[in-house]
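Got the viewer open? Let's take a walk through this one, stop by stop.

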Amino acid sequence: MSNLPSEPEFEQFLEKNPEYRRALAVVQIPERIVQFRVTWERDDLSVAVNRGFRVQFNSALGPYKGGLRLHPTVNLSILKFLGFEQVFKNALTGLMMGGGKGGSDFDPKGKSDNEIRKFCYAFMQELSRHIGDNTDVPAGDIGTGGREIGFMFGAYKKIRNEFSGILTGKGANWGGSFIRPEATGYGLVYYVTEMLRDLDGTDWKGKRVLISGAGNVAQYAALKVIELGGVVLSLSDSTGALTAKGEEGFTPADIAAIADIKLARKSLTAFNAESRFEWHEGKRPWTLFDKADVALPSASQNELNGEEAKALIKAGVRYVAEGSNMGCTQDAIDIFEASRKATVSATETKGMVFYAPGKAANAGGVAVSGLEMAQNSQRLKWTPAEVDAKLKDIMVTCYKTCWETGSKYSEGGAIPSLVAGANIAGFIKVADAMRDQGDWW
C-alpha cells in the first residue's frame, strides 16, 4: 500500500522493535471508507453520475485531515495509498491531525461554473454526513481549488445550518488563513535552511537553485529563495523548462509574470523570455546545468529519475528536497542515499547529496491547514506574520525530528538519513498514540 515498509532502515527498525509489527498490521487498514453515488444535472439538463469517496484512514492524533481530489483517474486504490501517506506526513507537523483522503472521478475541466457548483452541492449532500470540524476536515487537492472549496462550504452550511471550519483552503474573508497559498513553498525553503546549516554551516546566499514546476509551490519557493539571497536558475511545466542564462536568475517580477500566465492556464511558452532566458522544449531542468547547489523538484511525482540524479551530483548539487509529493523515483533516492552512506565523517562529506523526502519537506501546506483549523476553533484570524512564524517553527521542529530520529536509526554514513528519520518518526508517533488508545496491544 505504501513505500514506507520497504525502506531498509524501516525494516531494521521493526527487527529491533518487533512489537511495532502489530501496529503496522493495524495501521495499514483504514478506520473507515465511505463510497457513494453523486448524481448532478448538466447544463443541457441531462443527468450525470460520478463516484464519491472518503477514506478516513487514522484519527489517533486528531480529526481526519487530507485533500479532496477531483480527477477522472480517482479510484479507491489511489485514495487509500494517498491517505496512508497523509497519516504520517500530518504526524510530522506536530499538530493534532489524523490522516485521510477523498474525492471523486468527476473532471472539472471543460465544465461550466454552474455544472461545477451543481456537482459540489450534490457531492456535499452525502459527504456532509461524514465530516465535521472535530471529525474530518477535508482540504483542496488536484481539481479542487478555491472555487470548489467555496461551493462545497456553501453546500455544507445550507445542509447542516451551521458555519464551522469543516474545510480548509477557504476564502480569506470567510475563515481562510493567511499564508495558505505560500505555505508549501515557504515551508520547503525553511526546511532546507536547516539542512544547509547542519551539513555545511551555510545559508542561501549565493546558492544556485534549480526548481521544477511553475505552480504555487514552485512560485513561492522561488520567491523565498530570492528573498534569502539565493539565485533561482530554472522553472518548468509539462511543456518544457525555462532556464536563466546569466548569474542573476529569476527576479520577483519574473515570478509574478509567470504566476499571471499560470492563472490564465497557459504554458510557460507564453512568458516573454527575452535574452535573459532560454526555453528547452520537453525537458526538465536537472540535466541542463554544469553547476548548481540545490535542487527542489516541485512539479509532480516521479519527476527526477536515476539518470537525472547522477547529472545533479556531477553538477555539484549538495541538497535535494521534494516540494512535490514523491518527486524523486526510487532509483534517484537510492543514488542520493548511497552518496550519504559513503561519507566517513561529518566533516568529510564531499560528493554527498543531502536528500529530504516530500512527506517532511513539503509538509508546510498541511501545517498551515492545521493552523487554519486552530484559527477557526478560536474564531480568530492571525496576521500573515504570525502564521509565517508558526509555519517556520513547525518546519524547523519537523526537520529536527527527522534529523534526531535518523541519527538513531540510520544505517551507514556519518550524516543521518532524513528518509529514515521521516518514515520512522511519523510511524512511531501514530503507533504510540494508537497503543495508548487501545487500537493495538
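In what sense do strand 1 and strand 2 pair, and over how many bridges? Select residues 32-41 for strand 1 and 47-58 for strand 2: the pairing is antiparallel, and ten bridges hold the count. Keep in mind that you're looking at a predicted model. For one specific bridge, click Trp-40, whose partner in strand 2 is Ala-48.

**The whole sheet**

Now zoom out. Those two strands belong to an open sheet of five, ordered 1-2-4-3-5, with mixed pairing. Strand 1 and strand 5 (136-139) are at the edges; each has a single partner strand, so one side of each has no neighbour in the sheet. On average, neighbouring strands here are turned by 20° against each other, if you ignore direction.

**Across the sheet: helix 4**

Select residues 113-127 next. That's helix 4, and it lies across strand 1, strand 2, strand 3 (64-70) and strand 4 (99-104). Relative to strand 1, helix 4 runs at about 145°.

**Helix 4 meets helix 5**

Add residues 146-160, which is helix 5. How does helix 4 cross helix 5, and within what distance do the axes come? The axes come within 8 Å and cross at roughly 45°, so the two helices are oblique to each other. The crossing is right-handed. To see the contact, show side chains on both: from helix 4, try Ile-116, Tyr-121 and Phe-123, among others, and from helix 5, residues including Phe-151, Met-152 and Ile-159. Colour the contact by residue type and you get ten nonpolar, two polar and five charged.

**An aromatic stop**

The whole structure has 25 aromatic pairs. One of them is Phe-153 with Trp-174, a tilted pair with 5.2 Å centre to centre and 40° between the planes. Phe-153 sits in helix 5, while Trp-174 is in the loop between helix 5 and helix 6 (183-200), so the pair ties together parts 21 residues apart in sequence.

**Last stop: helix 12 and helix 13**

Jump to residues 364-378 (helix 12) and 384-409 (helix 13). These two pack at an angle of about 130°, with axes 10 Å apart, and are therefore oblique to each other. Their crossing is right-handed. Which residues make the contact? On helix 12, pick Gly-364, Ala-367, Val-368, Leu-371 and Gln-375; on helix 13, pick Val-387, Lys-390, Leu-391, Ile-394 and Met-395. By type, the contact divides into seven nonpolar, two polar and one charged.

Definitions and conventions
Residues are numbered from 1 along each chain as its sequence is written. This is a predicted model: local features need pLDDT of at least 70, side-chain atom pairs count only at pLDDT 80 or more; totals for chains, interfaces and linings use all residues. Side-chain values use heavy atoms; hydrogens and water are left out. Two strands pair if DSSP finds at least two bridges between them. Helices (H or I, at least four residues) and strands (E, at least two) are DSSP runs, numbered from the N terminus. Axes are lines fitted to C-alpha atoms, for helices over the stretch in contact, and angles run from 0 to 180 degrees between N-to-C directions. Contact means heavy atoms within 4.5 Å. Angles under 35 degrees count as roughly parallel, over 145 as roughly antiparallel, 65 to 115 as roughly perpendicular and the rest as oblique. A crossing is left-handed if the near helix is turned anticlockwise from the far one by less than a right angle, and right-handed if clockwise. Ala, Val, Leu, Ile, Met, Phe, Trp, Tyr, Cys and Pro count as nonpolar, Asp, Glu, Lys and Arg as charged, and the others, Gly among them, as polar. Rings of Phe, Tyr and Trp (its six-membered ring) pair if their centres lie within 6.5 Å; planes under 30 degrees apart count as stacked, over 60 as edge-to-face and the rest as tilted.
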